Amino acid sequence: MMPLPEAVLFDMDGVLFNSMPNHAFAWSHAMTQFGLQMTPYEAYLHEGRTGSGTINILTQRYWGRDATEEETERIYQAKTQVFNTCPEAKPMRGALEALTAAKELGCKIVLVTGSAQVSLLERLESHYPGFFREELMVTGFDVKHGKPHPEPYLMGLEKAGVEAAKAVVVENAPLGVESAKGAGIFTVAANTGPLEDSLLRDAGADIVVPDMTAVAAVLRQYETASAHNL
Ligand code: CA
């Protein structure tokens with residue numbers, strides 16, 4: 001077990017909110033409108049990538065080239081339109097427990113998401129009151145490079161003023177794990193979607209657990225371990 005962490009960095013989609021089924025559904029339906037085939041399963045593989053990055057993987061496969069800026073905009077708009085018809089994603093079961101465990105360890109709680117919704121903080125505050133602060137949030141507005149680039153997690157460390165060795169990341173997607181490991185951070189992967197555990201392990205996850213309730217248990221072990229070391 002690692003020394004008691006000073007910060008826990010949480011991803012959002014698929015970690016704090018059960019929003020990935022909506023994203024996967026929206027991607028797959030929007031792509032079909034443009035003659036591009038993307039299964040919901042594949043959407044999970046690309047989770048964390050920027051919208052244009054995801055679109056280019058498909059246009060390269062079917063059209064042999066990157067999408068133009070105009071095409072990207074149209075496809076992304078179509079995705080957003082389908083997404084907006086989906087029911088609002090519920091908080092992920094066990095996430096509140098994991099946040100509480102992090103808080104009880106005395107850790108700073110940092111949000112690191114590629115999402116760029118203006119209402120993010122209000123939404124977090126309504127479901128997880130008192131856990132998040134605007135100055136400890138990295139969103140799609142802050143970074144130049146999305147996951148799997150390490151920039152989002154490096155920026156999270158910088159905002160928290162904590163070294164990589166004293167932080168823990170909670171992620172659910174292979175590209176998110178890759179980003180966190182690229183930043184040198186111990187990473188717990190909660191496999192809340194349909195992907196195989198091996199994909200998260202191959203991306204570099206230090207621990208793979210099935211859900212957020214298990215993440216809470218992992219975090220509580222730090223407390224037990226440090227009490228034993230006294
Ligand atoms: Ca995620």
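How exposed is Arg-65, as relative accessible area? I started my notebook with that one, and I found Arg-65 partly exposed, at 35%. A reminder to myself before going on: this is a predicted model.

**Entry 1: the partner of Arg-65**

I looked up what the side chain of Arg-65 meets, and I found a salt bridge with Glu-71, at 2.9 Å from N to O. Glu-71 has a relative accessible area of 17%. Buried means under 20%, so Glu-71 counts as buried, whereas Arg-65 is partly exposed. My tally for the structure is 10 salt bridges.

**Entry 2: Asp-142 and Lys-159**

Next I went to Asp-142, whose side chain forms a salt bridge with that of Lys-159, with 3.7 Å from N to O. I noted that this pair links distant parts of the chain, 17 residues apart. Asp-142 sits in the loop between strand E3 (137-138) and helix H7 (151-160), and Lys-159 belongs to helix H7. I checked exposure too: Asp-142 is partly exposed at 32% relative accessible area, and Lys-159 is partly exposed at 32%.

**Entry 3: Asp-206 and Lys-181**

Then I took the salt bridge between the side chains of Asp-206 and Lys-181, which is 2.7 Å from N to O. Why does this pair tie together parts that are 25 residues apart in sequence? I found Asp-206 in the loop between helix H9 (197-202) and strand E6 (207-209), while Lys-181 is in helix H8 (residues 174-182), so the pair joins those two parts. Asp-206 is partly exposed at 38%, and Lys-181 is partly exposed with 28%.

I also wrote down a network: salt bridges with shared partners join Asp-11, Lys-147 and Glu-171.

**Entry 4: a cis bond at Lys-147**

Lys-147 came up again when I looked at the peptide bonds. The bond joining Lys-147 and Pro-148 is cis, with omega about 15°. I placed Pro-148 in the loop between E3 and H7.

**Entry 5: Asp-13, a charge without a salt bridge**

I was curious about Asp-13, in the loop between strand E1 (7-10) and helix H1 (20-33). Which side chain of opposite charge is nearest to Asp-13? I found Arg-123, 6.2 Å away. A salt bridge needs the atoms within 4 Å, so Asp-13 has none with Arg-123. Asp-13 is buried all the same.

What I did find for Asp-13 is a polar contact of 2.5 Å between its side chain and that of Ser-19. Beyond the neighbours within four places in sequence, I listed contacts of Asp-13 that include Met-20, His-23, Glu-47, Thr-113, Ser-115 and Asn-172.

**Entry 6: empty space**

I finished with the cavities and pockets. I got 1 cavity of 30 Å³ or more, and the largest cavity has a volume of about 40 Å³. Its lining includes Tyr-44, Glu-47, Asn-172, Asn-191 and Leu-195. I recognised Glu-47 and Asn-172 from the contacts of Asp-13.

How much space lies in the largest pocket? I noted about 850 Å³. Of the 35 residues lining that pocket, Arg-49, Gly-51, Tyr-76, Gly-114 and Ser-115 are the closest to its centre. Ser-115 was also among the contacts of Asp-13.

Which helix gives the most to the lining of the largest pocket? I found H4, with 5 residues. H1, helix H3 (51-63) and helix H4 (69-85) each supply at least two residues of that lining.

Notes. Residues are numbered from 1 along each chain as its sequence is written. This is a predicted model: local features need pLDDT of at least 70, side-chain atom pairs count only at pLDDT 80 or more; totals for chains, interfaces and linings use all residues. Side-chain values use heavy atoms; hydrogens and water are left out. Helices (H or I, at least four residues) and strands (E, at least two) are DSSP runs, numbered from the N terminus. Buried means under 20% relative accessible area, exposed over 50%, partly exposed in between (1.4 Å probe, protein chains only). Lys and Arg count as positive and Asp and Glu as negative; His and the chain ends are not counted. A polar contact is a pair of N or O atoms within 3.5 Å; within protein, one must be able to donate a hydrogen and the other to accept it, and residues adjacent in sequence count only if both atoms are side-chain atoms. Contact means heavy atoms within 4.5 Å. On a 1 Å grid over the protein atoms alone, a cavity is a set of points where a 1.4 Å probe fits but cannot get out, and a pocket is an open set with protein on both sides within 12 Å along at least five of seven lines; lining residues have an atom within 4 Å of a point. Grid points are joined across faces, edges and corners, and a volume is the space filled by probe spheres set on the points.
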